[in-house]
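Thank you all for making time this morning. I would like to walk you through one model, and I will try to say at each step what the terms mean.

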Amino acid sequence: MENLKQSTQLLDHPGRCIHIGDRESDIHELFCAAQEIGTHFLIRTCVDRLAGDGDHTIADEMDEVAEGLHRIEVRDSNGDRYQAVLEIRYRKIRVLPPIGKQKRYPALTLTVIHAEERGTPKNRKKIDWKLVTDLPVGSRTDAIEKLEWVWLEMEDRGVPQDPQIGLQS
């Protein structure tokens, strides 16, 4: 979280800054800190958080969302290229902090993006990405753009990639 604050301070316009992170950045405190300082975030999540009034989770809400399809080229564990069909879902959701932190942190209205591969691929893991952001996502095209940003950021940082991440539209 300190990196978020320091990097945002370097810019004169924090609203133009987007912090992109992988699963290690999936913490509610970071989401709140970004909103407090007026910057944005796009994070690949690993937690199925409580949503709405707390009687269900993000996954429950995402099951109700209609999907669009997107074809991408991926590589398997041997480096061979294949076409994968992703089901893309996105929705604005009221996301609650963890139960033990609900008195200290507010619920946030965030957009959740799910990209899940149809079928079971050979020689690689099935693509199943879940992102959370405070950026506007009003179309399937916007959702795909955000997926590509996360992929490019991780590739630029040299983050070791598992085969499921090789998105190329």
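I will begin with confidence, then turn to a helix and its aromatic pair, then to some loops, and finally to the salt bridges.

What you see is a predicted model, in which local features need pLDDT of at least 70 and side-chain atom pairs count only at pLDDT 80 or more, while totals for chains, interfaces and linings use all residues. Residues are numbered from 1 along each chain as its sequence is written, and side-chain values use heavy atoms, with hydrogens and water left out.

The confidence score, pLDDT, is the predictor's own confidence in each residue and runs from 0 to 100. The mean for the chain is 84, and 83% of its residues reach 70 or more. Please treat one stretch with care: over residues 159–169 pLDDT stays under 50, and for this stretch the model has 35 contacts beyond four places in sequence, a contact being heavy atoms within 4.5 Å.

Let me turn to helix α2, which covers residues 28–37. Helices here are DSSP runs of H or I with at least four residues, strands are runs of E with at least two, and both are numbered from the N terminus. How many of the residues of α2 are buried? The count is 7 of 10, so the helix is largely enclosed by the rest of the structure; buried means under 20% relative accessible area, exposed means over 50%, and partly exposed is in between, with a 1.4 Å probe and protein chains only. The buried residues are H28, E29, L30, F31, C32, A33 and A34. Just after the helix, G38 takes a positive phi of about 80 degrees.

F31 also takes part in an aromatic pair, and a search of the whole structure finds 1 such pair. Its partner is F41: the ring centres are 4.8 Å apart and the planes are at 10 degrees, so the pair is stacked. By the definition used, rings of Phe, Tyr and Trp (its six-membered ring) pair if their centres lie within 6.5 Å, and planes under 30 degrees apart count as stacked, over 60 as edge-to-face and the rest as tilted. Because F31 lies in α2 and F41 in strand β2, residues 40–44, the pair ties together parts that are 10 residues apart in sequence. Both F31 and F41 are buried.

Now to the loops. R49 is found in the loop between β2 and β3, and it is buried, with a relative accessible area of 8%. Not counting residues up to four places away in sequence, R49 touches several residues, including H28, F31, V95 and L96.

Q102, in the loop between β6 and β7, is partly exposed at a relative accessible area of 36%. Leaving aside neighbours within four places in sequence, Q102 is in contact with L50, L96 and P97. The backbone oxygen of P97 lies 3.2 Å from a polar atom of the Q102 side chain.

That brings me to charge. Side chains of opposite charge can pair when their charged atoms come close. A search of the whole structure finds 13 salt bridges, each being a side-chain nitrogen of Lys or Arg within 4 Å of a carboxyl oxygen of Asp or Glu.

Which residues does E67 meet in salt bridges? One is R89, at 2.6 Å from N to O, and this pair links distant parts of the chain, with E67 in the loop between α3 and β5, R89 in strand β6, and the two positions 22 residues apart in sequence. Another is R118, at 3.6 Å from N to O; since R118 lies in the loop between β7 and β8, that pair ties together parts that are 51 residues apart in sequence. E67 is partly exposed at 33% relative accessibility, R89 is buried at 16%, and R118 is partly exposed at 43%. E67, E87, R89 and R118 are linked in a network of salt bridges.

Apart from these, E73 forms a salt bridge with R81, the closest N and O atoms being 2.2 Å apart. E73 is partly exposed, with a relative accessible area of 23%, and R81 is partly exposed as well, with 46%.

How values were computed. Polar contact = N/O pair within 3.5 Å; in protein donor to acceptor, adjacent residues only side chain to side chain.
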